[in-house]
Amino acid sequence: MAHDWHPSVMRSTSLISKSGPLADTLSGTLSSTISSTLAGSIEVIVGSMFSGKTEELLRLLKRAQFARQATQVFKPRIDSRYSVDHIASHNKNLMAAHVIEKAADIYQHLRADTRVVGIDEGQFFDQELVDVCSDLADRGLRVIVAGLDTNWRGKPFHPMPELMAVAEHVHKLHAVCVVCGAAASRTQRLRPSTQEILVGDDSSYEARCRECFDNSLGLVAELDLAMDEGITGTDAGTHLLVAHDCHKNIHTVHAHEL
Ligand code: ADP
Ligand code: TMP
Ligand code: MG
Ligand code: ZN
């Protein structure tokens with residue numbers, strides 16, 4: 001059964017608060033034993049797509065389960081890529097998860113005995129994720145979050161950078177660059193889209209190293225959109241499409257009959 005873990009409730013009634021009347025009455029060995037038992041933390045697993053973030057999250061959660069620590073796993077509803085209600089690696093390794101809309105929804109599901117909280121696809125949550133993870137860690141939970149540190153433009157994918165800043169541990173993983181075989185730190189989007197969020201797999205994205213990553217696709221996508229909007233607003237009989245060959249770094253403009 002879910003426990004009422006909302007921060008406002010916990011702050012007034014918590015038995016595991018690190019300060020307050022209960023903590024004040026504890027002294028000596030008992031106090032230090034309790035505070036070390038309840039030491040929470042945030043661990044962040046980042047890297048490009050295909051770098052093994054979800055596999056690492058699954059590995060850490062399974063180890064915690066072997067240690068008989070109660071675990072709970074959360075994922076954002078938008079991530080329905082391989083399963084609606086499991087976190088899933090590209091190798092289709094699965095673990096059942098609570099599906100939530102926003103980070104604070106974790107409190108509705110959190111059980112009183114949970115020691116380890118895992119969260120996948122952290123980049124899909126808003127900034128509140130940072131406060132929620134910090135609050136859970138302050139209350140003695142081990143919080144492990146996997147997510148993209150950079151988006152398809154190679155820019156920080158919020159809120160992961162902020163979470164990395166407050167985390168105790170940051171694991172940065174690398175995929176293999178599909179072009180040259182070097183360690184990949186970037187994610188190449190293969191289809192023009194100006195949206196930051198575009199759920200997809202290897203049909204939409206590739207792992208690339210800094211050298212092979214092509215950031216110009218963003219400009220091409222914007223140009224394509226602008227041309228698209230301009231032309232469809234007229235009675236023009238043709239539709240211009242900017243095509244981008246990611247492997248050859250060639251941009252071409254095609255005229256299509258509407
Ligand atoms: P992430 O969550 O970081 O996207 P996953 O943990 O879901 O990654 O999947 C990692 C797996 O993806 C690897 O073990 C490997 O089997 C597969 N994979 C596919 N493409 C690549 C690549 N370019 N580099 C490394 N692993 C890849
Ligand atoms: P993965 O890191 O577990 O492979 O999943 C990353 C998800 O994020 C995947 O559904 C694609 C999506 N994504 C975006 O929405 N925007 C981006 O800029 C990038 C790089 C990925
Ligand atoms: Mg993943
Ligand atoms: Zn490369």
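**Briefing: two ligand shells and a parallel sheet**

Helix H4 and strand S9, the latter spanning residues 175-176, each supply at least two residues of the shell around ligand 1. The structure is a predicted model, and this briefing goes from the surroundings of its ligands to an open sheet of 6 strands with parallel pairing, and then to the helices that lie against that sheet and to one buried residue, Glu-43.

**Around the ligands**

- Ligand 1 is surrounded by 15 residues, of which the closest are Lys-53, Thr-54, Glu-55, Ser-89 and Ala-175.
- The element that gives the most to this shell around ligand 1 is H4, with 3 residues.
- Sorted by class, the shell around ligand 1 holds 6 nonpolar, 7 polar and 2 charged residues.
- Ligand 2 has 14 residues around it, and the closest of them are Met-49, Asn-151, Trp-152, Thr-187 and Val-199.
- The shell around ligand 2 is made up of 7 nonpolar, 4 polar and 3 charged residues.

**The sheet and its order**

- Read across the open sheet, the 6 strands come in the order S5-S2-S6-S7-S1-S8, and their pairing is parallel.
- At the edges stand strand S5 (98-100) and strand S8 (169-173), each of which pairs on one side only.
- On average, and with direction ignored, neighbouring strands of this sheet are turned by 20° against each other.
- Strand S2 (residues 71-76) runs parallel to strand S6 (residues 116-119) and is joined to it by 4 bridges, and Gln-72 has Val-117 in S6 as its bridge partner.
- S6 in turn pairs with S7 over 4 bridges, again in the parallel sense, and here Gly-118 has Ile-144 in S7 as its bridge partner, while Val-116 stands opposite Arg-142 in S7.
- Between S6 and S7 the chain passes through H6, and this β-α-β crossover is right-handed.
- S1 and S7 run parallel and are joined by 7 bridges, with Val-46 having Gly-147 in S7 as its bridge partner.

**Covered strands**

- In S7, 7 of the 7 residues are buried, and the strand is therefore described as mostly covered.
- Arg-142, Ile-144, Ala-146 and Leu-148 point one way from S7, whereas Val-143, Val-145 and Gly-147 point the other way, and all of these residues are buried.
- S6 is likewise covered on both faces, with Val-116 and Gly-118 buried on one side and Val-117 and Ile-119 buried on the other.

**Helices against the sheet**

- Helix H4 (residues 53-66) lies across strand S1 (41-47), S2, S6, strand S7 (142-148) and S8, and runs at about 165° to S7.
- H6 also packs on the sheet, where it touches S1, S6 and S7, and its direction makes about 155° with that of S7.
- Within helix H6 (residues 128-138), the buried residues are Leu-129, Val-130, Val-132, Cys-133, Asp-135, Leu-136 and Ala-137.
- When reading such a list, it helps to know that an α-helix has 3.6 residues a turn, so residues three or four places apart point the same way.
- Just after H6, the residue Gly-140 takes a positive phi of about 100°.

**A closer look at Glu-43**

- Glu-43 lies in strand S1, and it counts as buried because 21 C-beta neighbours are found inside 10 Å, where the cut-off for a buried residue is 20 or more.
- When its neighbours within four places in sequence are left aside, Glu-43 is in contact with Ile-144, Ala-167, Glu-168 and His-169.
- Although Glu-43 and Gly-118 are 75 residues apart in sequence, they are 9.5 Å apart in space, counted from C-alpha to C-alpha.

Notes. Residues are numbered from 1 along each chain as its sequence is written. Chains are lettered from A and ligands numbered from 1 in the order in which they are written. This is a predicted model: local features need pLDDT of at least 70, side-chain atom pairs count only at pLDDT 80 or more; totals for chains, interfaces and linings use all residues. A residue is near a molecule or strand if its C-beta atom, placed from the backbone, lies within 6 Å of it. Ala, Val, Leu, Ile, Met, Phe, Trp, Tyr, Cys and Pro count as nonpolar, Asp, Glu, Lys and Arg as charged, and the others, Gly among them, as polar. A residue is buried if 20 or more other C-beta atoms lie within 10 Å of its own, exposed if 12 or fewer, and partly exposed in between; C-beta atoms are placed from the backbone. Two strands pair if DSSP finds at least two bridges between them. Axes are lines fitted to C-alpha atoms, for helices over the stretch in contact, and angles run from 0 to 180 degrees between N-to-C directions. Two residues are in contact if their C-beta atoms, placed from the backbone, lie within 7 Å. A crossover is right-handed if, with the strands pointing away from the viewer, the path from the first strand over the helix to the second runs clockwise.
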